[in-house]
Amino acid sequence: MVYGYGILKEGFTISKNDLQINEMIRDNELRIISAEGEQLGVMDARAAQKIANERGLDLVKISPNAKPPVCKIMDYGKYKFELAKREKENRKNQKVVNIKEVQLSPSIDTNDFNTKARQAMKFLKSGDKVRVRVRFRGRELSHSEIGKDLLDRFAETVKEFGTVEKPAKLEGRNMIMFLGPVAQ
C-alpha cells in the first residue's frame, strides 16, 4: 500500500496533462464540439458518446472547468501524435545553455590569469555562460577589494566575447560574477 496517496480507481488520471476520454467522462451535461469545430450543443455524456462512436472517433474532455464542461469529438490517437510531434520539434529548436566555471585566487599570476581568461573566452564563444569565482582563504577575505578589482579586470579582458550579467558579489568566502555571451 502506498501511504498518502490512497487507492487508485479505474479511470482516475494521475497526470494533469492527460485528458479524460470516452467512458472516463461521467458528467451529466456536456457542451459538444464536432471534429470540424462546429458546436453540436449541450447534451448528456451517453448521447455524445453515441455520436462519437457513430463517426468512429473519440469523445475528449478539453475544458473540464467550464460550465458545462466542453468535450470535442476527435481522433485521440492522432491528437496525441501531433502533440508529441510538436513537443519534439520545440525541444529540437531549444538551445541548452550550460554554465561553466573559472576559478581564480586573489594572488593569481599574470600568465595564469591570461590562461583563465582564454578559457572563459572559449566558453563564451561556444555560447555558454561563465561563472567567475574568486576564492578567499584565510586573511585574504579581509581584502575583498582585491577580488573585486580582479573580477573587473577579468570582465574587461573578455568584454569582446562576453558581457557581465551579474556583477561581482561576495557570498561567504567566494566572490562570484556571471558572464554571458555577446549576442550575435
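I started at Leu-170, which stands opposite Met-175 in strand 8; strands here are DSSP runs of E, at least two residues long, and helices are runs of H or I, at least four long, both numbered from the N terminus. I was working with a predicted model, in which local features need pLDDT of at least 70, side-chain atom pairs count only at pLDDT 80 or more, and totals for chains, interfaces and linings use all residues. Residues are numbered from 1 along each chain as its sequence is written, and side-chain values use heavy atoms, with hydrogens and water left out.

Next, the pairing. I found strand 7 and strand 8 (residues 174-181) antiparallel over seven bridges; a pair needs at least two bridges by DSSP.

Then I looked at the whole sheet. Its four strands run in the order 5-6-8-7, open and with mixed pairing. Strand 5 (99-104) and strand 7 (162-171) are the edges, each with a single partner strand, so one side of each has no neighbour in the sheet. I noted an average twist of 20 degrees from one strand to the next.

On to the helices, with contact meaning heavy atoms within 4.5 Å. Helix 3 (residues 110-125) packs on the sheet and touches strand 5, strand 6 (129-135), strand 7 and strand 8, with its direction at about 170 degrees to that of strand 5. Angles run from 0 to 180 degrees between N-to-C directions, with axes fitted to C-alpha atoms, for helices over the stretch in contact. Helix 4 (residues 144-157) lies across strand 5, strand 6, strand 7 and strand 8, at about 10 degrees to strand 8.

Last, I checked Arg-133, in strand 6. Among the residues it touches are Val-102, Asn-174 and Ile-176.

Technical notes
Lists of a residue's contacts leave out its neighbours within four places in sequence.
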